[in-house]
Amino acid sequence: MNRDTVFVQPETRYARSGDVNVAYQVIGEGPVDIVYVDVISHLELAWESPAHAAFLNRLASSRRLITLDQRGTGMSDRFAGTPTLEMRMDDIRAVMDAAGSERAVVFGLGDAGPLCVLFAATYPERTSALVLINSSPRWVRSPELPWLQTRAEAELFAEAIERRRGEAAHDFDFGRRISPGMRDEEAERRARVVRLAVSPGSAAAYVRANLDTDVCDVLPLLRVPTLVMHRKETTAWDMRSGRYLADHIAGARFVELPGADFSPSLGDQETLFAALESFLDVVAQGTSSETEPDRVLATVLFTDIVGATSHAAELGDRGWRELLEHHHEAVRTQLGRYRGKEVDTAGDGFFASFDGPARAITCAAAIVESMPELGLEVRAGLHTGECELIDGKVAGIAVHTGARVASNAEPGEVLVSSTVKDLVAGSGIAFQDRGLHELKGIPGEWHLYAVAR
């Protein structure tokens with residue numbers, strides 16, 4: 001196949017992800033798979049746009065392209081609540097499994113960028129490369145990214161979406177504002193896609209959930225080839241956000257693209273595809289020699305029984321051993337329920353790892369809440385960071401950090417690092433600020449948060 005090959009609209013299929021059906025399409029064939037993650041999409045209506053159809057055709061001209069509607073949008077199932085990054089990662093994995101894709105280039109546009117960053121760091125064995133275009137690691141202003149909108153401005157934006165999304169004139173004007181190269185006919189077509197892809201309330205909830213999303217701490221942990229492209233004049237995300245992404249990802253290639261259009265299917269296609277093809281050629285050459293990753297992003301959980309020594313003295317060896325067996329059974333039940341992997345058990349404590357921080361928090365809370373039935377109280381600590389893989393088990397400084405976080409937890413408390421908190425935005429999990437702490441043997445001060453009961 002070549003770039004002139006024109007594909008007819010592919011069949012829409014569904015992948016099961018938990019309780020949700022995620023719509024996806026597969027286009028073309030070739031030695032490299034690409035999973036393209038759009039912001040808000042409708043798989044079948046998208047093909048009515050000549051520009052978007054041409055963009056997809058070109059992406060699939062010499063490789064296999066997998067596209068999907070994120071849960072809650074387009075042809076995918078609607079979802080009660082707001083999907084977290086973790087749920088959306090599960091959806092990408094489910095689509096790849098359903099499409100028979102073991103490894104893929106994960107390509108994220110705009111707001112899908114943080115999702116794709118987290119996926120690539122968590123599942124490097126499934127990610128042959130990462131491509132980000134017109135994206136940012138977070139939504140609202142911080143000392144490191146002072147050019148972003150303030151939280152108040154972002155909240156006003158969410159209110160405006162909820163109030164006016166669905167009005168043809170509003171959707172038309174919004175599309176033209178972020179992609180000024182659109183012709184009127186294309187703007188009307190895109191506005192229709194947006195109206196049919198997501199409801200006003202869901203769109204506003206999506207924005208609000210992302211106000212606290214922050215993957216800045218994850219960027220240095222990426223170990224896959226990365227291309228960051230950004231249009232110089234786009235108003236959707238300041239180009240400095242693209243530079244920040246590339247500057248904080250080891251070995252990332254940064255390409256400034258001409259123009260102001262947020263949508264990659266509009267504006268200058270030749271410069272965009274020249275950069276993309278050059279990058280993908282390098283990725284394709286290295287695909288066959290890829291080895292299993294020795295580092296992954298993981299969330300580590302540590303628990304221990306409060307007052308274990310006094311319990312043991314009171315019950316005696318036999319009674320204490322029986323109680324420990326019940327404790328271990330209760331912990332393992334929750335680990336199985338929330339996909340945690342037991343790494344080690346030392347006396348009265350557990351060490352486990354998770355591929356998602358929200359699941360880890362929910363599991364830790366369930367463990368803590370189940371212990372009073374046994375007459376016990378436990379404390380738990382969580383941290384998300386880069387872990388070494390040794391014989392399939394996690395190790396390294398992130399593990400030591402998680403253990404130190406746990407040692408600062410109060411009885412009956414689940415304590416987390418700020419990294420964990422930032423990655424579960426939109427999950428509905430509430431936190432109480434526990435301030436700055438020095439963690440023994442770990443450099444710097446660490447901001448810790450208790451999970452609110």
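Let me begin with a definition: two strands pair if DSSP finds at least two bridges between them, and the helices (H or I, at least four residues) and strands (E, at least two) are DSSP runs, numbered from the N terminus. What you have in front of you is a predicted model, in which local features need pLDDT of at least 70 and side-chain atom pairs count only at pLDDT 80 or more, while totals for chains, interfaces and linings use all residues. Residues are numbered from 1 along each chain as its sequence is written, and side-chain values use heavy atoms, with hydrogens and water left out.

I will start with the strands late in the numbering. Strand β15, residues 431–438, pairs with β16 in the antiparallel sense over six bridges, and within that pairing L436 stands opposite H447 of β16. The two strands form a hairpin with six residues between them, and in the turn G441 has a positive phi of about 80 degrees. β16 also runs antiparallel to β14, to which three bridges join it, with V416 standing opposite Y449. How many of the seven residues of strand β16 are buried? Taking buried to mean under 20% relative accessible area, exposed over 50% and partly exposed in between, with a 1.4 Å probe and protein chains only, five of the seven are buried, and the strand, residues 445–451, is mostly covered.

Just ahead of β14 (414–417), in the loop that follows α12 (397–407), sits E413. This residue is buried, with a relative accessible area of 9%. A polar atom of the E413 side chain lies 2.9 Å from the backbone nitrogen of E410, which I read against the definition of a polar contact: a pair of N or O atoms within 3.5 Å, where within protein one must be able to donate a hydrogen and the other to accept it, and where residues adjacent in sequence count only if both atoms are side-chain atoms. Counting contact as heavy atoms within 4.5 Å, and leaving aside neighbours within four places in sequence, E413 touches several residues, among them R379, R434 and R453.

H383, in strand β12 (residues 378–390), is likewise buried, at a relative accessible area of 6%. Its side chain is joined to that of S417 by a polar contact of 2.8 Å, and its contacts beyond four places in sequence include T299, T401 and W446.

Turning to the earlier part of the chain, eight strands form an open sheet in the order β1-β2-β4-β3-β5-β6-β7-β8, with mixed pairing. Its edge strands, each pairing on one side only, are β1 (13–17) and β8 (253–257), and the twist averages 25 degrees from one strand to the next; for such angles, axes are lines fitted to C-alpha atoms, for helices over the stretch in contact, and the angles run from 0 to 180 degrees between N-to-C directions. Inside this sheet, β6 (residues 127–133) and β7 (residues 226–231) pair in the parallel sense over four bridges, and I133 has M229 as its bridge partner in β7. Helix α3, residues 113–122, lies across β3, β5 and β6, and runs at about 160 degrees to β6.

Finally, the aromatic rings. Rings of Phe, Tyr and Trp (its six-membered ring) pair if their centres lie within 6.5 Å, with planes under 30 degrees apart counted as stacked, over 60 as edge-to-face and the rest as tilted. By this rule the count comes to nine aromatic pairs. W139 and Y206 form one that is edge-to-face, at 6.2 Å centre to centre and 75 degrees between the planes. Because W139 lies in the loop between β6 and α4 while Y206 lies in helix α7 (residues 200–209), this pair ties together parts that are 67 residues apart in sequence. W139 also pairs with W237, and since the ring centres are 5.9 Å apart and the planes stand at 85 degrees, this pair is edge-to-face as well. W237 lies in the loop between β7 and α8 (239–247), 98 residues from W139, and both tryptophans are buried. Elsewhere, ring pairs link Y36, F55, F107 and F273 into a cluster.
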